[in-house]
Amino acid sequence: MDALKIPKICFGTNITFPLLLGNGLRKNLKELLKFLLRKLKRTSKAVWGINATPQATQTLIPLARIAVKYGITAFDCSRAYGGSERRLSIALEKYERSDIFIITKIDDKSQFLERVEECFATSLKELRMDYVDLLLLHWPVDYPHFPNENMGEGIPVFVKSWKILEQIYKSGKTKAIGVANFNIKHLKILKKYAEFLPMANEFECHPLATRPLLNEYCRENGIQVLAYAALCAMDKRLQKGELINIASKHKKSIAQVILKWHIQSGRVPIFGTTKIERIKEYGNLDFELSEQELNAINNYNLNYRAFPASEKCDFTKNIWIGYENYKDNCPDEE
């Protein structure tokens with residue numbers, strides 16, 4: 001398997017309302033009503049990344065088009081993100097396919113129901129593409145275990161899902177395969193059964209959660225790290241201390257410095273935004289950080305998680321249950 005070649009920075013498409021085309025009158029009216037109700041309410045940060053928001057829905061197409069003009073050509077989406085795949089296809093339809101890098105993911109429900117191939121076929125249909133550049137398992141779904149005469153008893157669902165991804169990779173419908181939210185223990189289990197190791201692992205990583213053990217394991221095994229929540233929504237704790245001095249020295253924003261920290265650390269940062277000015281800002285990373293500056297940013301680590309940790313998730317329940325009890329101190333675990 002060849003090394004994964006991916007652009008240095010990635011635009012993360014958030015959850016959007018389904019595109020109201022060809023879904024039937026009843027479904028269209030239902031989705032329109034939900035959209036209008038959310039529009040009337042002030043969307044809180046707690047909703048962002050969990051449910052569709054009017055902001056993400058309205059801005060995805062224009063921002064994706066602008067992103068390409070500023071050299072941001074990688075886009076991260078998922079079957080779990082509602083109408084994002086279709087909106088992305090509309091935004092990018094005038095660009096050469098070879099100039100765009102598309103990442104999408106198999107959602108948890110499709111893993112549970114053993115509909116991985118069906119899920120991927122739907123993604124291709126929504127994206128209106130013949131292939132994707134990188135296909136990921138969205139979460140390491142590990143319950144219920146299932147018996148398999150070829151692999152033995154008690155095999156996690158994500159292992160069976162991975163074997164299907166390997167077949168999709170062989171078919172040429174994806175240029176690369178990988179995982180998301182996998183910790184070291186998940187990767188070690190997968191390694192026992194995999195014909196191909198994941199080429200990428202997308203997980204939460206930012207200065208408040210540097211994830212050194214997982215980053216090192218991925219480096220040692222040739223797995224490209226994609227960092228989501230790369231800016232941690234510009235948490236207030238990132239807007240003080242040494243980051244201010246580093247940003248001032250380079251005449252850049254703190255966000256630009258953090259994105260550059262990811263890139264120089266060997267990661268591909270994934271950012272999300274609904275603002276045009278952020279796209280222009282993040283496309284301008286023409287500076288270098290010193291080793292001293294990189295280490296200073298590493299020292300911001302608090303083991304804080306903005307999203308649920310896969311090592312804490314119980315897939316028999318909602319993955320957000322118990323999140324409040326550990327989010328402020330969730331160190332790397334194998």
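In the predicted model, Y323 and Y326 are both buried. These two tyrosines stand three residues apart in helix α13, and are therefore separated by about one helical turn. Their rings form an edge-to-face aromatic pair, with 6.0 Å from centre to centre and 80° between the planes.

The structure holds seven aromatic pairs. A pair of aromatic rings is described by the distance of the centres and the angle of the planes. For Y228 and F307, the ring centres are 5.8 Å apart and the planes stand at 75°, so this pair is edge-to-face. Y228 belongs to strand β9 (residues 224–228), whereas F307 is found in the loop between α12 (291–298) and α13 (323–326); the pair therefore ties together parts that are 79 residues apart in sequence. Y228 has a relative accessible area of 13%, and because buried means under 20%, this residue counts as buried. In addition, one aromatic cluster is formed by F11, F75, F271 and Y282.

Aromatic rings also meet charged side chains. R97 is placed over the face of Y131, 4.1 Å from the ring centre. Likewise, K260 lies over the face of F287, at a distance of 5.9 Å from the ring centre.

Two packed helices are described by the angle between their axes and the distance between the axes. Helix α3 (residues 84–91) and helix α5 (residues 116–127) have axes that come within 7 Å and cross at roughly 35°. On the α3 side, the contact involves E85, R86, L88 and S89, which meet S123, K125, E126 and L127 of α5. Sorted by class, this contact has four charged, two polar and two nonpolar residues.

Helix α3 is mostly covered, as eight of its eight residues are buried. Among them are the charged residues E85, R86 and R87, together with L88 and I90. The buried residues of α3 pack not just against α5 but also against α2 (54–69), β2 (74–76) and β3 (101–106).

A further set of contacts surrounds D142, a residue in the loop between β4 (134–137) and β5 (146–148). D142 has a relative accessible area of 26%; because partly exposed residues fall between 20% and 50%, D142 belongs to that class. Along the sequence, D142 and P156 are 14 residues apart, yet their C-alpha atoms are 4.6 Å apart in space. When residues up to four places away in sequence are not counted, D142 touches P156, V157, F158 and F315.

Note on methods
Residues numbered from 1 in each chain as written. Predicted model: local features only at pLDDT ≥ 70, side-chain atom pairs only at ≥ 80, totals over all residues. Heavy atoms only, no water. Axes fitted to C-alpha atoms, helices over the stretch in contact; angles between N-to-C directions. Helix = DSSP H or I, 4+ residues; strand = E, 2+ residues; numbered from the N terminus. Contact = heavy atoms within 4.5 Å. Buried < 20%, exposed > 50% of the residue type's maximum accessible area, 1.4 Å probe, protein only. Phe/Tyr/Trp six-rings, centres within 6.5 Å; stacked < 30°, edge-to-face > 60°. Lys NZ or Arg CZ within 6 Å of the ring centre and 35° of its normal.
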